[in-house]
Amino acid sequence: MKIANAYLMKEINTNHVRQVMKRVETATKPQLASMTKLSVVTVNSLVKELCDLGELFEDETVPSNGGRPALTYRYNYDFSLALVMYINEKQGQDLITATVINLEDSMVFREEYTMPTFDQTQFYEIIGNVLAQHASIKVIGIGIPGQTVNGEITVSSHRQLEGIRMTEDLEAQFGLPVIMENDVNAAISGYCAKQELDEDQCVIGMYFPTHYPPGMGIHLDGKVIRGKLGMAGEVKYLPMGVDWYSSMEKELFIKTVCNMIQTVNAILAPNQVVIYQQMVEGDEVIQAWQMYQAELSMPSYPDIILIDSFREDFEAGMRWLALKALEPGLVQFN
């Protein structure tokens, strides 16, 4: 037990040094000891180990109050990279975006690929090619317009994705952990992270892609609400009597959006409803919703936020998830 405790304490101290170095980027050993409240002996040992791994590297010497110059160490943000893949739609085609980010959330690589329809083989080839170019990638994050159940994509607005066991396939093929997230869940997570909202707020994200069914994400108490089998937010199953795969008249679209806001407000009473759409002018939705409120009064109403760029929040959320996965966990002892 004493050995286990010693290993655990070393991991805790190593992660503490790691997090401080990520935040300040450069520091001398005495500065690290002061910032971490660890002994100089402990810091010396941990810095050497992190340098041997390549996570820290020697930088430059700086004056040390008349004594020997002190050596500065710099954090290597490229020590671990994440490959983040986004599956989206653009002008009726599937748009695949491959992005590689480092531990500072800086972009190392980005490439876009257009497919008339999703092609599983080509998608896996894109991932393989990016991994071959960036050996430091340690996790793959994939945002999809759909939901997985027991490892299988069972619900998706892109029918070509249904039935694929993508996480299992990729982990077996490339030997890296794979994180898969629903696109709207990722987007609303990205929006809330950027806005730095209070954790007790309930924020709803509704995404209306062109010629595809909508999706919804529920962010409450600082986390996404997933429901049974992850099916919370599958609003395409609401009895709206709408064919989402066909063109829709503007008036019907606006009325449907208002109906959905009213339904969600009656059940969850959110603080905000964020609507991602490019089908109509945002002012038209706001005006229609104000008229809707006058007809169907409720005790509280959410703030309606119209955003025409879904990809920005989608990508921000997926990057956040991927970077979170790169955070080292503590070894568990039985």
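The following legends describe close-up views of a predicted model.

**View 1. Five strands are arranged in an open sheet.** Across the sheet, the strands follow the order S13-S12-S11-S14-S15, and their pairing is mixed. The edges are occupied by strand S13 (223-224) and strand S15 (303-307). Each of these two strands has a single partner strand, so one side of each is left without a neighbour in the sheet.

**View 2. Strands S11 and S14 run parallel within the sheet.** Strand S11 covers residues 202-208, and strand S14 covers residues 272-277. Six bridges join the two strands. At one position along this pair, Val203 stands opposite Gln272 in S14.

**View 3. Helix H7 packs on the sheet.** This helix comprises residues 250-268 and touches S11, strand S12 (215-220), S14 and S15. The direction of H7 makes about 155 degrees with that of S11.

**View 4. Helices H2 and H3 pack at an angle of about 115 degrees.** Helix H2 spans residues 29-36, helix H3 spans residues 40-53, and their axes lie 9 Å apart. Angles of 65 to 115 degrees count as roughly perpendicular, and H2 and H3 are therefore described in this way relative to each other. Their crossing is right-handed.

**View 5. Residues from both helices form the contact of H2 with H3.** Helix H2 contributes Lys29, Leu32, Ala33 and Thr36, while helix H3 contributes Val40, Val43, Asn44 and Val47. By residue type, the contact of H2 with H3 consists of five nonpolar, two polar and one charged.

Notes: Residues are numbered from 1 along each chain as its sequence is written. This is a predicted model: local features need pLDDT of at least 70, side-chain atom pairs count only at pLDDT 80 or more; totals for chains, interfaces and linings use all residues. Side-chain values use heavy atoms; hydrogens and water are left out. Two strands pair if DSSP finds at least two bridges between them. Helices (H or I, at least four residues) and strands (E, at least two) are DSSP runs, numbered from the N terminus. Contact means heavy atoms within 4.5 Å. Axes are lines fitted to C-alpha atoms, for helices over the stretch in contact, and angles run from 0 to 180 degrees between N-to-C directions. Angles under 35 degrees count as roughly parallel, over 145 as roughly antiparallel, 65 to 115 as roughly perpendicular and the rest as oblique. A crossing is left-handed if the near helix is turned anticlockwise from the far one by less than a right angle, and right-handed if clockwise. Ala, Val, Leu, Ile, Met, Phe, Trp, Tyr, Cys and Pro count as nonpolar, Asp, Glu, Lys and Arg as charged, and the others, Gly among them, as polar.
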